[in-house]
Amino acid sequence: MKLYENGIYLVNGTEIIEDGPEAEQQLEAQGMSADQNVAAAGTMAYRILADHNTSGDMSELQIKFDKLTSHDITYVGIIQTARASGLERFPIPYVLTNCHNSLCAVGGTINEDDHLFGLSCAKRYGGIYVPPHQAVIHQYAREMLAGGGKMILGSDSHTRYGALGTMAMGEGGPELVKQLLSQTYDIKMPEVVAVYLTGEPIKGVGPQDVALAIIGAVFANGYVNNKVMEFVGPGVEKLSADFRIGIDVMTTETTCLSSIWTTDEKIREYYEIHGRVEDYKEMYPEPLAYYNGCIEIDLGEIRPMIAMPFHPSNTYTIAELKDNLMDILDDVEKRALVSLDGAVEYTLKDKVFEGKLYVDQGIIAGCAGGGFENICAAADILEGKSIGPDEFSLSVYPASMPIWMELLRNGAAARIMETGAIMKTAFCGPCFGAGDTPANNGFSIRHSTRNFPNREGSKLQSGQIASVALMDARSIAATAANKGWLTGADELDVEYRGQKYYFDKQIYANRVYDSCGMADPTAEIHLGPNIKDWPAMVALTDNLVLKVVSEIHDPVTTTDELIPSGETSSYRSNPLGLAEFTLSRKDPEYVGRAKEVQLAEKAREEGDKPSEVLPEIVPVIETIKTMYPDIARDNFGIGSTIFAVKPGDGSAREQAASCQKVLGGWANIAHEYATKRYRSNLINWGMLPFLIPEGELPFKNGDYLFIPNIKSAIEERAKEIPAFVVKDGEMVPFTLQMGDLTDDEREIILKGCLINYNRR
């Protein structure tokens, strides 16, 4: 795999000319111009974005999407926010799937109450409702929503349908709210990076292997951060549609913005199989296209991969892991000290017997692993085998009921089940800790999307630890065939049937509610007792007094660490209830500290004295008044903030930000933000996304900060924000930075949140 240091020109889809002194001469020899701006318009990404841009300016995009999709831990909050802002009907197709809280296992009736809320809203506002166990969100979108040249926005970070010619993006809920209110998705024109594929995968290598190899090469260096990955080159045609989809969905873990692939006869056939051939569109770059970077991959060089705990980028070949087992396990333990803050002892060395690594559990599931070809390949590997009666177990979750039905008809399901493995229904739970949680100290290998700390469902605060390594379904099946001893699929001699897929949409026709875009304003919305409106949020004040209530120095902080997944997902429709879990796995004292500060702000808002509920603020205010004597109750606000080095990797869940806001948070301070979507979530909830240069911090946890004239600074587009640490009777100055904000984003922050911005 090669990462180009410079941009590249792609000529006729097959020739790479790296940008540099000789590029102009090489292009002129072929009658082409080296004008980067002109050539950049030759990418597929540029054309799709241009077709959906409403601003008239391709440097400052205002995108309107063709379709929206959400699942049952995001759509309640989205619709409640949109309702508070005046929603009357869904202006574009909006699909509400139920694949996260579909077990209805936690909190009594609250999960099914959310589902009935979704169905009733699909009726009232004119949407589509996919009941539990029918399909995971992204598989339904592939089967029924994607279209060549289209754009889809989803409230799940793995919203990726580029292999089907659809540019899709995963964002926090407020960005979907904007689309529901006929507003736009505003971004600068993203850079585009070519992923140039050559060769053909060897037998036993699957899409997860290719994806993990890419993630391992580009995550840490930010090579594609917030950029579009455009898959091109002669290797694309060597991959089936399912194989491309399996790579594509994992591009989220590179922190790219979106993805798009060239399309061909195999993709046309995919649409034909699904009865939607009219949605196919041939996609390819122009004869000359300029890319801001290039990842060149010989598919034939990829070998079965494993991403060890605790990140998809912690990658090795399985052969490399076996050859250097104890050294790599040493490294994993060192990573655990950072990821787990030393809260529990963690080792995988006790799973090594006579030089071999034993695995406790295998899972093939969700939008990444649950595809037809993955499961058929696993069935071929497992045929005639037994997974054994010991600790090791194997569960397989087809990504949709149509896939499940075809696996029954072609015999693959039977071949898997007779080994002792379990076949289950479409469910995302194993990916975020709501299903198949291993035993304490358990080690699971999964063809799913993430292996962050505790994401598999263990609870650090209860002294529990389990961990996940990511692998392809083929190597998971090979390990299962070897009764739990880690095995790469290339180690086995298997004859793969390559069974053809036949899609039967009758299940959807019989069970999915489709309003066909017709809203019914007389339909009554079902509101369960856990479904709550958002609390009132005040506008940004002239000046801010912020207390630092958490300080996180991990290299990256995931959204799972900001608001845990798993059973907390059941409270996503209850802002106050969910907020109680904020940072619970990373900083259990955060909620209490934030609430103390929030009481002072509520007292200020209600005309009372903040000092009566938070006496420690008295000397802070007195010190501030020595420099700013005009500070008074009606011109400053009191709130909390957190510092994290690089927060926001992972999920699109808006609650990573909104829970802080509900608890009185008014800002984050970071060296950088891991993803655009997390920064957008902060902004849409009225929180200031401050930046501070790397180096020794001028403040620490528990300190008070004063930010004078912050309202004016936002109004005046200031990039440098003067601030003070207020401590021991002194005002110590330092500077915060503010990245680019659109006019709408500034107004949202000034109003206090997106709801206030839109409220009628």
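Modeller: Let's start with one cut-off: a residue is called buried when its relative accessible area is under 20%. Aspartate 472, with a relative accessible area of 0%, is therefore buried. Keep in mind that this is a predicted model.

Colleague: Happy to begin there. Which residue forms a salt bridge with aspartate 472?

Modeller: The partner is arginine 474, and the closest N and O atoms are 2.7 Å apart. Arginine 474 is buried as well, since its relative accessible area is 8%.

Colleague: How many salt bridges does a search of the whole structure find?

Modeller: The search finds 37. A good one to look up joins the side chains of lysine 203 and aspartate 493, at 3.5 Å from N to O. This pair links distant parts of the chain, 290 residues apart: lysine 203 is in the loop between strand 11 and helix 8, and aspartate 493 is in the loop between helix 18 and helix 19.

Colleague: Is lysine 203 buried or partly exposed?

Modeller: Lysine 203 is partly exposed, with a relative accessible area of 46%, whereas aspartate 493 is exposed at 74%. Salt bridges can also join up: Asp341, Asp554, Glu561 and Lys586 are linked in a network of them.

Colleague: Now for strands. How should I think about their pairing?

Modeller: Strands of a sheet pair through backbone hydrogen bonds, either parallel or antiparallel. Here, an open sheet of six strands has the order 9-8-5-6-7-25, and its pairing is mixed. Strand 9 and strand 25 stand at the edges with a single partner strand each, so one side of each has no neighbour in the sheet.

Colleague: How many bridges join strand 7 to strand 25?

Modeller: Two bridges join them, and the strands run antiparallel. Within this pair, tyrosine 129 stands opposite tyrosine 513 in strand 25.

Colleague: Where could I see parallel pairing?

Modeller: Try strand 28, which pairs with strand 26 in the parallel sense over nine bridges. Glutamate 551 has phenylalanine 643 of strand 28 as its bridge partner. Strand 28 also runs parallel to strand 30, joined by five bridges, and there serine 640 is matched with glycine 665 in strand 30.

Colleague: What can I learn from the two faces of a strand?

Modeller: In a regular strand the side chains alternate between the two faces of the sheet. In strand 28 both faces are covered: one side has buried residues including Phe636 and Ile638, and the other has buried residues including Gly637 and Thr641. Nine of the nine residues of strand 28 are buried, so the rest of the structure largely encloses this strand.

Colleague: How many residues of helix 9 are buried?

Modeller: Eight of its nine residues are, so helix 9 is largely enclosed by the rest of the structure. Among the buried ones are Phe243, Arg244 and Asp248.

Colleague: Which backbone angles deserve a look?

Modeller: Most residues other than glycine have a negative phi, and most peptide bonds are trans. Threonine 255, in the loop between helix 9 and strand 13, has a positive phi near 70°. Glutamate 354 has a positive phi too, of about 50°. Threonine 255 counts as buried at 5% relative accessibility, whereas glutamate 354 counts as exposed at 82%.

Colleague: Which residues are joined by a cis peptide bond?

Modeller: Proline 309 and phenylalanine 310 are, with omega about 10°. Phenylalanine 310 lies in the loop between strand 16 and strand 17.

Methods:
Residues are numbered from 1 along each chain as its sequence is written. This is a predicted model: local features need pLDDT of at least 70, side-chain atom pairs count only at pLDDT 80 or more; totals for chains, interfaces and linings use all residues. Side-chain values use heavy atoms; hydrogens and water are left out. Buried means under 20% relative accessible area, exposed over 50%, partly exposed in between (1.4 Å probe, protein chains only). Helices (H or I, at least four residues) and strands (E, at least two) are DSSP runs, numbered from the N terminus. Two strands pair if DSSP finds at least two bridges between them. A salt bridge is a side-chain nitrogen of Lys or Arg within 4 Å of a carboxyl oxygen of Asp or Glu.
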